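Trainee: I should like to learn how helices and a sheet are read together in a model. May we take one example step by step?

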Amino acid sequence: MRSVSLIGAPTDIGAGARGASMGPEALRVAGIGPALQARGVDVKDCGNLSGPHNPWLPPVDGYRHLSEVVAWNQAVHDGVYAELQAGRMPILLGGDHCLGIGSISAVARHCRAAGKKLRILWLDAHADFNTSALTPSGNIHGMPVATLCGFGAPELVRIGGFSEQSPAISPKWVRQIGIRSVDEGERRFVHEQELEVFDMRYIDEQGMRQSMELALATMDANTHLHVSFDVDFLDPAIAPGVGTTVPGGPTYREAQLCMEMIADTGRLASLDVMELNPALDEKNRTALLAVDLIESLFGKSTLMRKA
């Protein structure tokens, strides 16, 4: 799709640090709209969704701010689904990564109706496969992948018309890239559910090219590719503006190769840009880098040799 809709979701409702609520505006200030227009993309900025404020309360039964998280994710689901139905590519500007529940449930609903296969690339330092029983914090931004697979609060699992018996996605549809921080109980659960994870050790040993070739394998013309890009995927030396920095992430060149290989497939159909925290950034440099990488998803390339 060359028609894109920017959807802001200014909340840090599922996070353990304040500030991701300012992420959408930081991406706009960094020029995401004009950068995509310069690549020949028709860009519509839908403005920001609205939802409850962050009450900053302790967890209850393993979840922090569950009712508020449900409200925000329902709003995200409805906004993303409307743009997909209009034939446009939604780009969700987060906001913390709990909002991936609403975004991907909308994409899954759209794919189910259209008879499309769904492939999800989860670019992140974290597996985000915690549950209320496993989480050490109760922060729901650590639970979206598990919730989408049916292992979460029923109110969240059922967004988009799904259920615990028929969840939005299967773990088999997910490829996680750049993982390097996983809680111990979460690690066991990831293995039990057989998620395909290209962690940083794998990338160190085999390289980003082979990791991406495997992550993108078996897609065809009937595949809807969704990329959920948590900015903490990147090494904090180049991207300090996130709430949960983890050393040892992909370098600038590794990240560029990752994005360029996604673009080469021609299958990208929806995108999340999550966890950007301008309060922890340096002169908006992380937002500027994120926009640079998003441009690569839309065809900007450093390739000089003949393809």
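Trainee: Which residues are buried in α9?

Mentor: Please note that this is a predicted model. Burial is judged by relative accessible area, with buried meaning under 20%. In α9, the buried residues are A255, Q256, C258, M259, E260, M261 and I262.

Trainee: What covers the buried residues of α9?

Mentor: Their cover includes two helices, α8 (200-215) and α10 (285-297), together with the strands β4 (117-123) and β7 (223-230).

Trainee: What should the 14 residues of helix α9 span, and how far apart are its end C-alpha atoms?

Mentor: One allows 1.5 Å a residue, so helix α9 (residues 252-265) should span 20 Å; its end C-alpha atoms lie 21 Å apart, which agrees. Just after α9, G266 adopts a positive phi of about 70°.

Trainee: In what order do the strands of the sheet run?

Mentor: The sheet is open and has eight strands, paired in parallel in the order β2-β1-β3-β8-β7-β4-β5-β6. Its edge strands, each pairing on one side only, are β2 (42-48) and β6 (196-198). From one strand to the next, the twist averages 15°.

Trainee: Over how many bridges do β7 and β8 pair?

Mentor: β7 pairs with strand β8 (residues 268-274) over six bridges, in the parallel sense. H226 stands opposite S270 in β8.

Trainee: Which strands does α9 touch where it packs on the sheet?

Mentor: α9 touches β4, β7 and β8, and its direction makes about 160° with that of β7. Helix α3 (residues 66-85) lies across β1 (3-9), β2, β3 (89-94), β7 and β8, and runs at about 170° to β1.

Notes. Residues are numbered from 1 along each chain as its sequence is written. This is a predicted model: local features need pLDDT of at least 70, side-chain atom pairs count only at pLDDT 80 or more; totals for chains, interfaces and linings use all residues. Side-chain values use heavy atoms; hydrogens and water are left out. Helices (H or I, at least four residues) and strands (E, at least two) are DSSP runs, numbered from the N terminus. The expected span of a helix is 1.5 Å times one less than its number of residues. Buried means under 20% relative accessible area, exposed over 50%, partly exposed in between (1.4 Å probe, protein chains only). Contact means heavy atoms within 4.5 Å. Two strands pair if DSSP finds at least two bridges between them. Axes are lines fitted to C-alpha atoms, for helices over the stretch in contact, and angles run from 0 to 180 degrees between N-to-C directions.
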